[in-house]
Amino acid sequence: MTATPPIDDSPARVSTGFALAASLAGTLGLAASTASLALGLVGVVLVALGLARGWRAAVTLGGAGLFCGVVLAGLVGAPAGVVVFATAATVVAWDVATFGIEVGAELGREADTRRLELVHAGASVVVAAIPAGLGVALFRIAGGGPSFVPVALLCGAVILVVVLRP
Amino acid sequence: MAAMAAGPSEGEGTYADLGPNETITRRTERWRGVSALALVAGAAGVLASQAALVVAGAVGVAFAALANAARPPELSLALERSVSDADPDPGDSVTVTVDVTNTGESSLPDLRVIDGVPPALGVESGSPRLGTALRPGESATFSYEVAVARGSHAFEPALAVARDVSGTAERARRVTADATPLTCVPTLEAAGELPLRAQTTGQPGRVLTEIGGSGVAFHTTREYRPGDPLSRLDWNGLAKTGELTTVDFREERAASVVLLIDAREQAYRALGPDAESAVERSVRAAGSLYGALTDEENRVGIAALSPEPCWLAPGVGTAHRAQAQELLATHPALASTPPEGTYYPSIRGRRLRRRLPDDAQLVVCSPLCDDGVVRLLQRFDAAGHRVTVVSPDPTDGATPGRRLAGVERRLRLSTLRSAGIPALDWRDEPLATALARAGRSA
């Protein structure tokens with residue numbers, strides 16, 4: 001006679017699928033250069049490995065790989081919309097993947113966690129989409145000229161000071 | 001992105017010390033470092049004059065802002081638990097349905113509930129855990145099945161953990177629900193016959209004694225005394241020798257028996273985490289013996305060697321039987337999880353001896369897993385309470401350690417036998433089989 005038997009603590013299903021889809025979508029945007037695409041693919045493989053085994057560190061490394069790919073693509077001059085989309089997809093993939101691992105470890109696969117995962121994934125997409133959309137719109141309006149960078153920096157600095165004030 | 005380090009790992013373990021209706025909050029630091037990501041992207045964009053990267057940094061800023069603004073959500077829940085059968089038989093599956101309602105003003109975007117399954121019960125199917133999101137007034141339901149074992153099983157408070165939408169601020173609380181304990185009382189079924197020691201009360205019964213009188217089995221012949229019943233005169237002897245003699249038979253009397261169950265921490269031995277413990281088998285044996293012994297018109301009581309006092313005075317009758325059934329099923333001293341305290345043989349043993357009626361004999365159900373219990377039983381026997389031991393065997397030969405434990409246990413059995421105490425070794429077999437073996441050898 002024991003207490004509840006150990007749960008199956010592999011990552012939750014919905015989050016796993018969603019995170020894989022998001023990281024693949026992010027990689028699609030990295031086709032600007034071979035190097036960035038390669039980094040992105042390494043990132044996707046690491047995220048997938050982390051999701052298969054429940055390794056949080058692998059997911060974080062994979063996210064880092066994807067992000068490095070995004071920075072590379074940005075440096076070689078990929079279109080702004082694509083770079084911002086890839087960044088958002090990367091952050092969402094990392095968020096949903098680590099969330100799925102956590103939920104799997106805490107509640108187990110047997111438990112009904114669909115609603116929790118869907119709400120979290122949806123919130124994550126919305127939170128990523130709003131600044132991405134606003135940023136791209138601003139970028140289009142400003143015309144992407146040389147004056148954009150200082151203006152964006154100023155705005156960014158103000159936002160950072162306001163939101164990160166302890 | 002590597003700076004987006006994992007927060008401290010969490011789970012049920014983090015809240016192991018959380019008391020009922022207590023609330024704690026903490027921050028998971030999930031998004032720690034995401035602003036660094038924004039800065040890296042922004043800096044790269046500035047240095048390489050790539051405006052797109054600066055815009056990309058805004059995504060990181062948004063998540064950092066969300067995490068920074070996060071406050072633990074108000075956690076106000078109502079938990080309702082219902083069971084399909086509150087009074088099941090052993091081995092039945094009972095469906096437990098839990099209904100969680102958000103009674104607060106704000107919605108809970110991230111709610112995890114882990115129900116407090118009674119520690120002695122195993123979940124058979126489904127999961128006692130739920131992850132969901134609840135708007136104010138909304139409720140969610142989950143259900144699971146547990147396999148019921150003997151005992152009274154109270155549910156523990158459920159653990160509810162709620163987080164804000166970014167998963168940064170967390171509030172945890174133990175939510176108590178209406179007490180719906182599962183009570184599982186096995187019926188007492190008589191199995192086999194245990195040869196009792198010749199220590200009896202004055203009442204007629206079925207235990208053969210060494211006292212001459214009326215009965216069936218021959219005892220002695222003696223000189224006739226006026227008043228002896230005619231039916232017991234030895235007419236053949238009279239015809240042969242001309243002397244009047246009377247035949248005495250062994251009297252059959254009732255015994256007063258106390259079933260003593262070893263429920264000390266040392267007796268909770270089992271072959272595996274899912275196997276039946278020796279205490280569980282002892283309780284089962286005591287139930288069967290209660291049935292068998294009362295059927296033979298003996299007075300039977302129940303006591304336990306346990307830090308928790310447990311005593312039912314010897315008695316007979318339907319009411320007593322119901323009391324015994326209830327005690328064997330639900331007494332905390334006989335719970336299926338080991339007791340917290342230590343058993344002090346000198347104090348508890350003396351108390352038990354004071355309670356025992358002078359003419360009571362003991363039938364002890366113990367796996368004999370230590371030497372202390374052997375000494376204790378020898379003291380009881382010497383103090384005039386005849387002892388019989390029924391010992392469920394919790395050992396097997398799978399590992400050298402278990403083989404050693406088995407040998408030690410057999411040595412204890414032979415120590416008892418050489419002290420004149422009958423000791424029955426109940427191996428992996430029905431109790432009736434073991435009793436039949438004992439009956440043959442007796």
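Domain bounds in this description come from an automatic or database domain assignment. On that basis, chain B of this predicted model is divided into four parts: domain 1 covers residues 12-69, domain 2 residues 77-183, domain 3 residues 204-253 and domain 4 residues 256-441. Between the C-alpha centres of domain 1 and domain 4 of chain B, the distance is 61 Å.

Chain B contains an open sheet of 4 strands, in which the order is S2-S3-S7-S5 and the pairing is antiparallel. Strand S2 (77-83) and S5 of chain B form the edges, each of them pairing on one side only. On average, and with direction ignored, neighbouring strands of this sheet are turned by 30 degrees against each other.

Strand S7 of chain B, which spans residues 139-147, pairs with two strands of the sheet. With strand S3 (residues 93-102) of chain B, S7(B) is joined in the antiparallel sense over 9 bridges. Within this pairing, Ala140(B) of S7(B) is the bridge partner of Val100(B), and Val146(B) of S7(B) stands opposite Val94(B). With strand S5 (residues 122-126) of chain B, S7(B) shares 4 bridges, and these two strands also run antiparallel. Here Val146(B) of S7(B) stands opposite Val123(B). Val146(B) thus has Val94(B) opposite it as well as Val123(B).

In a regular strand the side chains alternate between the two faces of the sheet. Such alternation is found along S7(B), where Ala140(B), Phe142(B), Tyr144(B) and Val146(B) point to one face and are buried. The side chains of Ser139(B), Thr141(B), Ser143(B), Glu145(B) and Ala147(B) point to the other face and are not buried. Two of the buried residues, Ala140(B) and Val146(B), also appear in the bridge pairs described above, Ala140(B) with Val100(B) and Val146(B) with Val94(B).

Chain A has 6 helices and 0 strands. Its elements, read from the N terminus on, run α-α-α-α-α-α. Chain A comprises 166 residues, of which 48% count as buried.

A nonpolar patch on the surface is formed by Val126(A), Ile130(A) and Leu134(A), which together have about 300 Å² of accessible area. One of these residues, Leu134(A), lies in helix H5 of chain A, which covers residues 114-142. The relative accessible area of Leu134(A) is 60%, so this residue is exposed, the cut-off for that class being over 50%.

Technical notes:
Residues numbered from 1 in each chain as written. Chains lettered and ligands numbered in written order. Predicted model: local features only at pLDDT ≥ 70, side-chain atom pairs only at ≥ 80, totals over all residues. Heavy atoms only, no water. Patch = residues over 30% accessible without salt bridge, like charges linked within 9 Å, V, L, I, M, F, W, Y side chains within 5 Å. Areas by Shrake-Rupley, 256 points an atom, 1.4 Å probe, with all protein chains shown as cover. Salt bridge = Lys/Arg side-chain N within 4 Å of Asp/Glu carboxyl O. Buried < 20%, exposed > 50% of the residue type's maximum accessible area, 1.4 Å probe, protein only. Pairing = 2+ DSSP bridges. Axes fitted to C-alpha atoms, helices over the stretch in contact; angles between N-to-C directions.
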